[in-house]
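Please open the model in your viewer and keep the sequence alongside, since this tour moves from one selection to the next and says what is found at each stop.

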Amino acid sequence: MPGAEINPLLIQQLTGKDAADIPSSPTISWLPGRYAKQVNRKKEDIEKHFGENSFMIKCNSCGRKGKYDVGLMIYNHDEKKNADDPASKIQTTGYFRCKHCNDAGNWEMPTQFSIAPMAGVLASVAGGMKDRFEIGESQLYDGSWHLFSSDGEMHLFNQLEEDPANSFIWNRLGNLYDKGNRPELAACVYEYSYSLILVK
């Protein structure tokens, strides 16, 4: 189902399985713990943090297009950011991966994507779409800045490679999935984070 894609590295870090033993597009059945599958069954009933904000986006890894909910778009007007590419100033909170090849982050955004934040901010002044567009910057707990949630995910994975039992970083990863409208992934990671606290 679209919007259910899972990073194989998440399964690897949660289970300790060898990468060769994990499919390139794992399903919900690969998530360990008690709560991910329960939450997934009720996923459509769980209120999202942000309103639906979908675009037709091309995955440059496989060349195919799909409709993806990017979540809240945060426009950073900092002049130090790449002025030649307006899309490189727009962060998104939605956690999405290519529904065809399961890659993430290698996107070709449509023209509407670059225009939408400013139009949305103007609309929000008139009482419109505050849950879809903002001006500012979104940072992880360590002050790092990432365009896509999947980029932030990889940043946290790199930290967990160094410190796999760090429950705080696992909890930050859970927050990223939660804000990214992936409550089933958040539930799995929160459960794992809590289990690490219990064994200390």
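With which residue does Glu184 form a salt bridge? Select Glu184 and Lys43 together: the two form a salt bridge whose closest N and O atoms are 3.2 Å apart, a salt bridge being a side-chain nitrogen of Lys or Arg within 4 Å of a carboxyl oxygen of Asp or Glu. The pair links distant parts of the chain, with Glu184 in helix H6 and Lys43 in the loop between H2 and S1, 141 residues apart. Helices (H or I, at least four residues) and strands (E, at least two) are DSSP runs, numbered from the N terminus.

Before going on, please note how the model is read. This is a predicted model, in which local features need pLDDT of at least 70 and side-chain atom pairs count only at pLDDT 80 or more, while totals for chains, interfaces and linings use all residues. Residues are numbered from 1 along each chain as its sequence is written, and side-chain values use heavy atoms, with hydrogens and water left out.

**The charged network**

Stay with Glu184, which at 1% relative accessibility counts as buried, and then look at Lys43, which counts as buried at 13%. Buried means under 20% relative accessible area, exposed over 50%, and partly exposed in between (1.4 Å probe, protein chains only). Now add Arg182 to the selection: Glu184 forms a salt bridge with this residue too, the closest N and O atoms being 2.7 Å apart, and Arg182 is buried, as is Glu184. Salt bridges that share partners thus join Lys43, Arg182 and Glu184 into one network.

The structure holds five salt bridges, and another to select is the one between Arg97 and Glu153, where the closest N and O atoms are 3.5 Å apart. Arg97 lies in the loop between S4 and S5 and Glu153 in helix H4, so this pair ties together parts that are 56 residues apart in sequence. Both Arg97 and Glu153 are buried.

**From His49 to Asn181**

Next, select His49, in the loop between helix H2 (35-41) and S1, which counts as partly exposed at 39% relative accessibility. Leaving aside neighbours within four places in sequence, His49 is in contact (heavy atoms within 4.5 Å) with Asp178, Lys179 and Asn181. The side chain of His49 makes a polar contact with the side chain of Asp178 at 3.0 Å; a polar contact is a pair of N or O atoms within 3.5 Å, where within protein one must be able to donate a hydrogen and the other to accept it, and residues adjacent in sequence count only if both atoms are side-chain atoms.

From there, move to Asn181, in the loop between helix H5 (167-179) and H6. What is the sign of phi at Asn181? Phi is near 65°, a positive value in a residue other than glycine. Most residues other than glycine have a negative phi. Asn181 counts as buried at 13% relative accessibility. A second place to look is Asn102, whose phi is near 70° and also positive; Asn102 is found in the loop between strand S4 (90-92) and strand S5 (107-108), and is buried at 4% relative accessible area.

**Asn166 and its partners**

Select Asn166, in the loop between helix H4 (149-162) and H5. The side chain of Asn166 makes a polar contact with the side chain of Asp163 at 3.0 Å, and reaches the backbone nitrogen of Ile169 at 3.1 Å. Not counting residues up to four places away in sequence, Asn166 touches Leu160 and Leu196.

**The open sheet**

Turn now to the three strands that form an open sheet in the order S2-S1-S5, with antiparallel pairing. Strand S2 (65-69) and S5 are the edge strands, each pairing on one side only; two strands pair if DSSP finds at least two bridges between them. Two bridges join strand S1 (residues 54-59) to S5, and to find one of them, select Lys58, whose bridge partner in S5 is Glu108.

**The whole chain**

Finally, zoom out to the protein chain, which has six helices and six strands. Of the 200 residues of the chain, 42% count as buried.
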